[in-house]
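User: Got a minute to walk me through this fold? I'd like to start with the sheet.
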Amino acid sequence: ISRTGANYGPRGIREVSCQFLTYNAMLDFDLAEALSPVDCGDCDIALANPETTFARAQHDLGEILAAGALPVTFGGDHSVTIPAVRAVRGHAADPGLVLVDTHLDTAVDVGGEELNHCCPITRAVDAGFDPEKIVLVGISGWMNPRSEIEYCRAHGITVIWLEEIWEHGTAAAVQRALAVAGRGSGVYLSFDVDSLDAAHAPGTCCPTPGGLTMREAIELVRGVSAAGLIGCDVVEAAPSLDGPPRTALVAGRIAVEAMAYHAGASR
């Protein structure tokens with residue numbers, strides 16, 4: 001419903017990934033040794049057919065989960081979370097979900113279309129996620145309609161507003177998020193780069209003035225991931241809307257941090 005370009009996100013993240021080592025000198029931790037990550041390639045897209053595309057993506061992610069691996073999905077717009085949470089729900093009895101975003105993403109539909117980037121949380125609830133184990137972090141009051149916050153209130157979804165992070169810090173937000181989402185059979189983390197201030201992530205479809213700082217984002221991702229994840233996605237990078245590849249680098253950094261802290265880097 002905003003600017004286009006997120007379809008090039010996975011390609012852009014791959015292109016800048018060569019700038020990252022798998023080793024973190026400060027942590028003395030090697031991601032390749034801990035997780036043996038593999039690029040499984042792109043989903044087989046059925047052009048103009050989201051139902052078929054999402055069914056294929058759900059199948060692929062289900063195979064990764066069945067193999068005991070951690071699926072880390074690159075978007076694309078935020079609708080890519082929909083097949084991911086459906087796959088997770090097929091392998092976890094009672095998962096929790098943490099969304100870091102500027103938007104609530106709890107639209108029931110957009111013009112009748114349910115497979116939309118405004119709807120990943122509602123589709124997670126439809127897939128069987130307990131809404132009382134869902135936490136939305138870093139949300140901006142200026143970026144969300146009344147109908148979506150009413151959905152959260154009606155279903156018992158926890159919202160941690162951006163201003164609460166300003167006041168109480170990221171550690172408090174992580175503690176609260178895990179107290180809610182960590183009560184189930186694992187945590188799925190979805191990170192939208194538009195949660196960041198547009199100064200840090202201009203190359204996204206809906207840039208956010210006054211969003212999270214990059215340091216706040218890393219602290220949130222490290223904190224949530226350190227408890228262990230059952231899946232993760234990083235979405236809404238749109239390299240064609242960047243100048244230098246700042247936003248793709250942000251997305252790559254977030255993915256590396258999530259994987260490393262999931263694998264025990266902080267320990």
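**Sheet and helices**

Analyst: Sure. This is a predicted model. It has an open sheet of 6 strands, ordered E3-E8-E7-E4-E5-E6, with parallel pairing.

User: Which strands stand at the edges?

Analyst: Strand E3 (72-74) and strand E6 (158-161) do. Each has a single partner strand, so one side of each has no neighbour in the sheet.

User: How many degrees are neighbouring strands turned against each other?

Analyst: On average 15°, ignoring direction.

User: How many bridges join E4 to E7?

Analyst: There are 5 bridges between strand E4 (residues 96-100) and strand E7 (residues 187-192), and the two run parallel.

User: What is the bridge partner of Leu 99 in E7?

Analyst: Ser 190.

User: OK, helices. Which strands does H4 lie across?

Analyst: Helix H4 (residues 81-91) lies across E4, E7 and strand E8 (231-235). Its angle to E7 is about 175°.

User: And where does H9 lie?

Analyst: Helix H9 (residues 214-225) lies across E4, strand E5 (134-139) and E7. H9 runs at about 165° to E7.

User: Switching topic. At what angle do H1 and H10 cross?

Analyst: Roughly 80°. The axes of helix H1 (residues 9-16) and helix H10 (residues 246-262) come within 8 Å. That crossing makes H1 roughly perpendicular to H10.

User: Which residues make the contact?

Analyst: From H1, Gly 12, Ile 13 and Val 16. From H10, Ala 248, Leu 249, Ala 251 and Gly 252.

User: What's the contact like by class?

Analyst: The contact of H1 with H10 has 5 nonpolar residues, 2 polar and no charged ones.

Terms used: Residues numbered from 1 in each chain as written. Predicted model: local features only at pLDDT ≥ 70, side-chain atom pairs only at ≥ 80, totals over all residues. Heavy atoms only, no water. Pairing = 2+ DSSP bridges. Helix = DSSP H or I, 4+ residues; strand = E, 2+ residues; numbered from the N terminus. Axes fitted to C-alpha atoms, helices over the stretch in contact; angles between N-to-C directions. Contact = heavy atoms within 4.5 Å. Parallel < 35°, antiparallel > 145°, perpendicular 65-115°, else oblique. Nonpolar A, V, L, I, M, F, W, Y, C, P; charged D, E, K, R; others polar.
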